[in-house]
Amino acid sequence: MSEQLTANQARQRLYEILRREESFDDKAKTALEVGTDYLAVDLAYLIRVDPTADRWTAMIRTERAATAEPTHDLDHSTIPCQRAIEEETQVAVTDMQTTDQASDQALASVDINCYLSTPLILNEEPRGTVCFAATEPREAFTETETRFAEFLTRLLERELDRKRVETDLTRQSTLTGVLDRVLRHNLRNEMSVIRGFTTELTEQTDDTSYAETIIDHVDDLIALSETARKLETIIASDAERTATDITDVVTRVAEAVDTEYPSASITVSGDTEIIAAVRPA
């Protein structure tokens, strides 16, 4: 039998669990185990809902070690979830024998006689529930207990949302990288072809001004493609950042540009020293 936790102890354990470098499933299962101990119930479920397909999937399930082998059907675990989703609020039933809900009476037939179910919200839509259940009736859940169940659910929501954002960013970054390489590669190849044919044309005509203009623009595009490749290499580099005086860097660049374009008027203004952590490139 696990120790009975206080609300503060249970909350602290949840914080510690969610900070671990583990998969979401492992974190969620351990968090649900903390919930079953604190609420002194037998079972806990994390169920994901796909409203468009009317599909209910039990993602995570946990039971207290002292609980006997389960005799209930997993499909019945969706019943309290359906109520919580339909009513869009936390639903608690502590004695199935006293409820007039036919669905709750069905739960009693599979040895679930009380439950506390909290909707799990993602993107402002109910996408699942966190449900705690027991095989025996019990006294009403206290306000502290219902708040704890909601707190646990909100933590899992945040973790799921964080995972979704990370996945989206990785997918976007990968897609952007692929598109960038493909477009840059194709651009360079096509521009090289255009340059080759244009060079051929200059040898077949007396007026080469148009051809030379085309070649100049093509060379600019090829150079731009090469600059993009170098920038990608710099950004992807794992080189350590070092403290650098940005003012000094900008001043040196301005002096180099001033030397290359003596007719231009270039000035640098700002603090005498601005230190930032940058890559060597």
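Let's start at Leu120, which lies in strand E4, residues 114–122. This is a predicted model, so treat every value here as computed from it. Leu120 has a relative accessible area of 3%, and because the cut-off for burial is under 20%, it counts as buried. Leaving aside residues up to four places away in sequence, Leu120 touches a long list of partners. Among them are Leu46, Pro126, Val130, Thr153, Leu156 and Leu160. Val49 makes a nice long-range pairing to look at: Leu120 and Val49 are 71 residues apart in sequence, yet their C-alpha atoms are 9.4 Å apart in space.

Val49 also takes us to the largest pocket, since it is one of the lining residues there, together with Arg48, Leu122, Asn123, Arg127, Leu160, Asp161, Lys163 and Arg164. Strand E1 (43–50) and helix H5 (143–202) are the elements that give two or more residues to this lining. H5 provides the largest share, four residues. The space in the pocket comes to about 170 Å³. If you are thinking about the chemistry of the lining, it has five charged residues, three nonpolar and one polar. Two of the lining residues, Arg127 and Leu160, are also among the contacts of Leu120.

Helix H5 is home to Glu145 as well. Is this charged side chain's residue buried or exposed? Glu145 counts as buried, because its relative accessibility is 12% and the limit is under 20%. Its side chain joins that of Arg138 through a polar contact of 2.9 Å. Beyond residues up to four places away in sequence, Glu145 touches Tyr38, Leu39, Leu116, Arg138 and Ala140.

Tyr38 and Leu39 bring us to helix H2, where both are buried. Other buried residues of H2 include Phe24, Lys27, Ala28, Ala31, Leu32 and Asp37. Just after H2, Ala40 takes a positive phi of about 55 degrees.

Here is how H2 compares with the expected span, alongside helix H7:

| Helix | Residues | Length | End-to-end C-alpha distance | Expected span |
|---|---|---|---|---|
| H2 | 24–39 | 16 residues | 22 Å | 22 Å |
| H7 | 246–260 | 15 residues | 21 Å | 21 Å |

For H2, the reach is close to the expected value at 1.5 Å a residue, and for H7 the two values agree. At the start of H7, a side-chain oxygen of Asp245 comes to within 3.1 Å of the backbone nitrogen of Thr247.

Methods. Residues are numbered from 1 along each chain as its sequence is written. This is a predicted model: local features need pLDDT of at least 70, side-chain atom pairs count only at pLDDT 80 or more; totals for chains, interfaces and linings use all residues. Side-chain values use heavy atoms; hydrogens and water are left out. The expected span of a helix is 1.5 Å times one less than its number of residues. Buried means under 20% relative accessible area, exposed over 50%, partly exposed in between (1.4 Å probe, protein chains only). On a 1 Å grid over the protein atoms alone, a cavity is a set of points where a 1.4 Å probe fits but cannot get out, and a pocket is an open set with protein on both sides within 12 Å along at least five of seven lines; lining residues have an atom within 4 Å of a point. Grid points are joined across faces, edges and corners, and a volume is the space filled by probe spheres set on the points. Ala, Val, Leu, Ile, Met, Phe, Trp, Tyr, Cys and Pro count as nonpolar, Asp, Glu, Lys and Arg as charged, and the others, Gly among them, as polar. A polar contact is a pair of N or O atoms within 3.5 Å; within protein, one must be able to donate a hydrogen and the other to accept it, and residues adjacent in sequence count only if both atoms are side-chain atoms. Contact means heavy atoms within 4.5 Å.
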